[in-house]
Amino acid sequence: MPKDKSIDPPAAPLPVGARVRDGLSVGSLEQSFLERRIFLLAKDEYTATPNDNFMTAAYAIRDRMMERWIKTQQRYHKQNVKRVYYLSMEFLIGRLLMHAVQNLGAEKEIKKALQAYGLKLEELCEEEADAGLGNGGLGRLAACYMDSMSALGVPAIGYGIMFNYGIFQQKIINGAQIEAPDDWLRLGTPWAIERPEYTIRVRFYGRTQQHWTGDGRMNTMWLDTEDVLAMPCDIPVPGYQNDVVNTLRLWSAKGTQDFDLEYFTRGDYIKAYDRKIASENISKVLYPNDKVSAGVELRLKQEYFFAAASLADIVRRFGVHNDDFNDFPKKVAIQLNDTHPAIAVAELMRILLDEECLGWDQAWGITQKTFAYTNHTLMPEALETWAVPLLGHLLPRHLEIIYEINARFLRDVAARWPGDLGRLRRMSLIEEGEPKKVRMAYLCVLASHSINGVSELHSRLLKQTLFRDFQEMFPDRFNNKTNGVSPRRWLLESNPRLSDLVSEAVGPSWSTDLSLLRELESRQDDRGFQEDWLRVKLANKTDLAAFIRKNAGVAVDPASLFDVQVKRIHEYKRQTLFALFLIHRYLLIKANPGADFVPRTALIGGKAAPGYWMAKHIIKFITSVAGVINADRSVADRLKVVFLEDYRVSLAQKIIPAADLSEQISTAGTEASGTGCMKFMMNGALTIGTLDGANIEIAEEVEEDHIFIFGLKAHEVAALKSSGYRPEQRLGGVPGLREAIDLVARDHFSPGEPGLFRPLVDYLLKDDPFLVLADFADYLRAQEDAERRWRDRRAWARSSIANVARSGRFSSDRSITEYARDIWRAPCRGLAKR
């Protein structure tokens with residue numbers, strides 16, 4: 001058991017001046033702002049930059065969280081509560097100032113305090129850099145879940161990596177994506193507090209050696225390792241006006257020594273810093289390029305680095321009040337957010353076996369009762385595997401443990417299904433081949449007492465396809481926990497106009513109990529309320545139109561239908577389907593210049609992985625289509641297409657409140673859940689989408705009157721593919737589709753680069769793996785249905801209100817309450833409400 005019994009954050013007596021720094025009155029906030037700007041930044045009203053003023057306001061607000069943070073941690077320790085440890089490679093937390101202000105309930109006071117200095121809170125918030133510590137939905141979900149855990153009083157710590165550079169900054173140059181470093185820490189962050197006293201030593205490489213202990217046990221030592229230090233940086237996560245502040249602990253890699261003095265004294269100054277630089281590369285950038293071997297090894301290093309540091313921290317914290325490791329699962333719940341932290345399974349086993357000297361069966365029993373696993377994808381490329389030679393080289397002891405887990409497990413499988421060699425091969429943790437690979441998702445399944453998908457369809461498909469053999473062996477472990485999003489971030493903060501209107505109608509308590517939005521249904525047919533509703537939407541669209549004009553140079557009409565698809569660029573998300581529809585619409589307008597078309601503004605945004613050629617090609621395709629359509633005067637304001645550069649959390653908070661139509665058009669059976677669809681719904685956009693992911697559950701809530709569903713269902717997709725899908729045969733059945741494809745093939749959208757989009761045309765006509773052409777006809781029908789609804793402004797307002805009213809199911813508070821009740825068995829205020 002670790003000897004370090006210290007408690008973090010330190011429970012030191014509060015200084016005499018804490019009351020001034022803790023107060024939420026206008027006067028105390030004014031005084032705090034002045035003191036922080038002078039004594040922390042050494043600036044005054046003449047020398048302070050806009051960023052200085054943001055930092056000052058953030059420090060003043062952070063001060064208000066400190067006592068609440070310390071008291072929260074003191075209470076957890078004194079009560080020795082069970083804690084949830086949420087391990088995630090990504091935390092896409094975005095900007096934090098307004099979020100912290102609203103969660104403290106200090107928005108009016110801080111705005112008034114800042115007026116004394118001639119400052120506006122909204123302008124200071126724009127100075128904050130997005131903390132881009134994630135790639136998309138996975139990281140944003142983790143951030144929403146941390147928010148809900150604090151709001152619900154769940155004792156929790158999130159663990160991840162303090163990346164120096166987050167997901168890249170996207171530049172669109174000549175229509176193509178160019179990646180630039182996302183140096184989000186260039187001017188520092190006011191939120192992260194370094195805790196060097198809790199630094200963890202993380203080991204790599206080396207060799208193992210067995211020896212007999214004095215009590216006759218075989219023990220394994222891990223020797224001759226190369227070590228890296230993991231220093232924690234803590235970010236407070238305040239609950240919504242409940243005095244709870246949980247912790248997001250992010251690990252920063254440090255060298256075991258700043259430089260090699262021997263090399264330095266010999267004048268080899270570059271070599272003197274080699275080891276330090278190599279060590280600190282671990283937390284340098286989110287997701288290094290894994291197309292090269294060095295990038296693959298660095299990616300594995302990152303995953304073990306944060307898993308090992310987190311496990312050491314968890315074990316240390318458990319040891320503060322507990323001595324018996326049999327109680328570990330009673331005090332510790334570890335949630336693996338997808339497969340990135342999977343190596344934590346082998347690391348906990350290593351600690352229990354080699355450091356705590358437990359027997360195998362006892363250690364494995366503790367491990368299985370502690371871990372739970374959330375799977376987020378059925379896509380093969382996202383299910384991590386690691387080459388055995390690489391894993392054995394980097395983490396030799398962990399490979400030994402994984403092989404032992406596999407050997408024992410396969411003996412159980414063989415006993416259950418004698419002679420079934422195919423099943424043994426399918427279920428083995430080791431994928432045969434050259435080289436052999438470790439299936440990390442399978443390791444998660446074996447080591448976890450709970451395995452959940454993130455929508456009803458996804459969870460069902462997990463059991464029917466990816467984990468079918470495991471579901472037959474462990475049927476009680478599998479369950480569904482549909483994702484959710486934070487109503488504080490995605491409605492209260494992002495859409496203040498709509499939030500105010502909703503609060504006038506149903507009261508302010510909806511922000512912590514989203515089921516109260518159901519009361520809006522009584523106002524659906526109220527003409528005055530409908531007009532107020534549409535007026536709020538138009539104001540949001542006017543703001544976004546001004547932003548687009550300033551940043552993209554395109555003038556769009558706020559009165560047009562804002563048709564939005566913003567998400568990671570991927571083939572299965574089918575941005576190509578939306579683009580083909582826009583080309584089809586463009587041709588219709590050109591052919592019928594006098595017809596009455598609904599004016600439409602198509603807004604598209606998202607990043608493509610740097611090494612994903614097709615996704616980057618799709619971006620080039622969309623921007624090229626936009627360039628031609630927007631320059632064509634005969635189309636005028638009836639159709640505009642804008643690709644919004646550098647999609648990120650803060651940009652999403654501008655786009656989503658202004659959206660009319662939400663494009664959720666992935667091929668059925670490919671999207672695990674999706675949370676963008678929930679954010680749009682919560683802000684009054686209507687969904688046009690397939691029966692995929694959470695769209696199915698949205699359709700159940702709003703029913704067919706308030707959503708536009710199209711396309712093949714998941715089982716129909718599978719049937720079509722198995723019967724021999726021939727995409728080129730679909731061209732003749734849809735008027736205008738062949739012409740749209742031909743326009744692309746004839747270089748209409750790439751006149752200066754002949755043949756540029758020929759690969760895309762061939763891809764659609766010869767392969768079309770995500771059935772763009774198969775779903776096109778029904779997609780057109782759904783778009784026509786949406787236009788008919790749009791023309792009836794009262795009907796559209798009624799549907800928009802219905803979507804918000806029925807969005808309560810998609811609150812992350814509901815998700816976390818279910819996790820706490822069914823999986824973690826942890827304290828949660830949401831359970832008391834039930």
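**Group meeting: helices, a sheet and one buried isoleucine**

In helix 4, the buried residues are Leu97, Met98, His99, Ala100, Val101, Gln102, Asn103 and Leu104. I should say at once that this is a predicted model. Helix 4 covers residues 97–104, and 8 of its 8 residues are buried, so the helix is mostly covered. What does the covering? Among the elements over the buried residues of helix 4 are helix 3 (50–79), helix 5 (107–115), helix 6 (121–127) and helix 7 (137–151). Strand 11 (226–238) and helix 21 (487–493) also belong to that cover. Right after helix 4 comes Gly105, which has a positive phi, near 75 degrees.

Next, a single residue. Ile314 sits in helix 11, residues 293–321. Is Ile314 buried or exposed? Its relative accessible area is 0%, and buried means under 20%, so Ile314 is buried. Leaving aside residues up to four places away in sequence, Ile314 touches Tyr85, Leu87, Tyr159, Phe328, Val332 and Ile334. From Ile314 to Met349 there are 35 residues in sequence, and 14 Å in space between the C-alpha atoms.

Met349 brings us to a helix pair, since it is one of the helix 13 residues that meet helix 16. In general, a pair of packed helices is described by two things, the angle between the axes and the distance between the axes. For helix 13 (residues 344–355) and helix 16 (residues 396–416), the angle is about 95 degrees and the axes are 9 Å apart. Angles of 65 to 115 degrees count as roughly perpendicular, so that is the word for helix 13 and helix 16. On the helix 13 side the contact has Ala346, Glu347, Met349, Arg350, Leu353 and Asp354. On the helix 16 side it has Arg397, His398, Ile401 and Ile402. By type, the residues in this contact are 5 nonpolar, 1 polar and 4 charged.

A second pair is helix 32 (residues 772–791) with helix 33 (residues 793–805). Their axes come within 5 Å and cross at roughly 110 degrees. Helix 32 and helix 33 are therefore also roughly perpendicular to each other. Helix 32 contributes Ala786, Arg789, Trp790 and Arg791 to the contact, and helix 33 contributes Arg793, Ala795, Trp796 and Ser799. Here the division is 4 nonpolar, 1 polar and 3 charged.

Last, the sheet. How many strands form it? There are 6, in an open sheet with the order 22-21-20-23-24-25 and parallel pairing. Strand 22 and strand 25 (708–709) are the edges, each pairing on one side only.

Take the strand 22 edge. Strand 21 (residues 600–605) and strand 22 run parallel and are joined by 6 bridges. In that pairing, Arg600 is opposite Leu639, and Thr601 is opposite Lys640. Between the two strands in the chain is helix 25 (residues 613–631), and the three make a right-handed β-α-β unit. Helix 25 packs on the sheet, where it touches strand 21 and strand 22, and its direction makes about 145 degrees with that of strand 22. Helix 24 (residues 575–591) lies across strand 20 (561–566), strand 21, strand 22 and strand 23 (661–664), at about 155 degrees to strand 21.

Is strand 22, as an edge strand, buried or exposed? All 6 of its 6 residues, 639–644, are buried, so strand 22 is largely enclosed by the rest of the structure. Leu639, Val641 and Phe643 are buried on one side, and Lys640, Val642 and Leu644 on the other, so both faces are covered.

Conventions. Residues are numbered from 1 along each chain as its sequence is written. This is a predicted model: local features need pLDDT of at least 70, side-chain atom pairs count only at pLDDT 80 or more; totals for chains, interfaces and linings use all residues. Side-chain values use heavy atoms; hydrogens and water are left out. Axes are lines fitted to C-alpha atoms, for helices over the stretch in contact, and angles run from 0 to 180 degrees between N-to-C directions. Helices (H or I, at least four residues) and strands (E, at least two) are DSSP runs, numbered from the N terminus. Angles under 35 degrees count as roughly parallel, over 145 as roughly antiparallel, 65 to 115 as roughly perpendicular and the rest as oblique. Contact means heavy atoms within 4.5 Å. Ala, Val, Leu, Ile, Met, Phe, Trp, Tyr, Cys and Pro count as nonpolar, Asp, Glu, Lys and Arg as charged, and the others, Gly among them, as polar. Buried means under 20% relative accessible area, exposed over 50%, partly exposed in between (1.4 Å probe, protein chains only). Two strands pair if DSSP finds at least two bridges between them. A crossover is right-handed if, with the strands pointing away from the viewer, the path from the first strand over the helix to the second runs clockwise.
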